[in-house]
Amino acid sequence: MSDRCDHDQEIDLEEQQILAAIEAALPAMPTDRHQLIPLLQHIQGTHGYLPLGGIALVARHLKMAASKVYGVATFYNQFRFNPPGRHPLKVCLGTACHVKGGEIILENFSRRLGIAEGETTKDREYSLERVACVGCCALAPVVMVGEKTESYVTPSKVEGIITEIEIQNEIAERAKEKHEPESDTQ
Ligand code: FES
């Protein structure tokens, strides 16, 4: 329970730090409303996503209604409003992957992780999104797991992909514990 609370607090703190960084950077940015999109792109490029609080800060900076800025941001699918997970899952839905069942793969990840596309799990381990052709159509359907390409993905392979990530996480965690100096023993 306390681990979970610590983790949540860590995440809140992370978002607060991002908002503080956006607030500190804005005064040096143009105030022309025509610069809205480049401004949003800059924030996403720097922080990986557009936090809702960041949208409010941009609105204040450009003297626009926050709802208007939000409306513009959601119109373009280049913007994401959730932080990328430590393991971003990108399901290709270009033509070849779509024909070979990409939508079903996306649905399976969504159900397995309990998030919709464009969302990130609460613990920020996984984020899920659909992408256009990633350039290896002969291997369709394809899923990018971080930088790794998973090919010929089937619904039954979805569980295996998540399990593999969990095992790697556990191995990394154990290695970390092993190398951490024991405290309070000296
Ligand atoms: S359509 Fe998926 S890799 Fe080309």
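**Salt bridges, helix packing and local contacts**

Arg 80 is buried in this predicted model, its relative accessible area of 12% lying under the 20% cut-off. The side chain of Arg 80 takes part in a salt bridge with Glu 129, in which the closest N and O atoms are 3.1 Å apart. The two residues belong to distant parts of the chain, since Arg 80 is found in the loop between helix 4 and strand 1 (87-92), whereas Glu 129 is found in strand 2, with 49 residues separating them. Unlike its buried partner, Glu 129 is partly exposed, with a relative accessible area of 23%.

A search of the whole structure finds 13 salt bridges, and helix 6 contributes residues to two of those described here. Within this helix, the side chains of Glu 107 and Arg 111 meet in a salt bridge with an N to O distance of 3.1 Å, the two residues being four positions apart, or about one turn of the helix. Glu 107 is partly exposed, at a relative accessible area of 38%, while Arg 111 counts as exposed, at 63%. A further salt bridge joins Glu 159 to Arg 112, with the closest N and O atoms 2.8 Å apart; this pair links distant parts of the chain, Glu 159 lying in helix 7 (residues 155-179) and Arg 112 in helix 6, 47 residues apart. Glu 159 is partly exposed at 38% relative accessibility, as is Arg 112 at 30%. In addition, Glu 14, Glu 15 and Arg 124 are linked in a network of salt bridges.

Helix 2 (residues 36-47) packs against helix 4 (residues 66-75) at an angle of about 75°, and their axes are 11 Å apart; the two helices are therefore roughly perpendicular to each other. Leu 36, Ile 37 and Leu 40 of helix 2 make this contact with Val 69, Val 72 and Ala 73 of helix 4, and the contact residues comprise six nonpolar, no polar and no charged.

In the loop between helix 6 (102-113) and strand 2, Thr 121 is buried, with a relative accessible area of 10%. A polar atom of the Thr 121 side chain lies 3.2 Å from the backbone nitrogen of Glu 125, and, when neighbours within four places in sequence are left aside, Thr 121 is in contact with Leu 113, Ile 115 and Tyr 126. Val 131, which lies in strand 2 (residues 126-131), is in contact with Lys 90, Val 91, Cys 92, Leu 93 and Gly 94 when its neighbours within four places in sequence are likewise set aside.

Technical notes. Residues are numbered from 1 along each chain as its sequence is written. This is a predicted model: local features need pLDDT of at least 70, side-chain atom pairs count only at pLDDT 80 or more; totals for chains, interfaces and linings use all residues. Side-chain values use heavy atoms; hydrogens and water are left out. Axes are lines fitted to C-alpha atoms, for helices over the stretch in contact, and angles run from 0 to 180 degrees between N-to-C directions. Angles under 35 degrees count as roughly parallel, over 145 as roughly antiparallel, 65 to 115 as roughly perpendicular and the rest as oblique. Contact means heavy atoms within 4.5 Å. Ala, Val, Leu, Ile, Met, Phe, Trp, Tyr, Cys and Pro count as nonpolar, Asp, Glu, Lys and Arg as charged, and the others, Gly among them, as polar. Buried means under 20% relative accessible area, exposed over 50%, partly exposed in between (1.4 Å probe, protein chains only). A polar contact is a pair of N or O atoms within 3.5 Å; within protein, one must be able to donate a hydrogen and the other to accept it, and residues adjacent in sequence count only if both atoms are side-chain atoms. A salt bridge is a side-chain nitrogen of Lys or Arg within 4 Å of a carboxyl oxygen of Asp or Glu.
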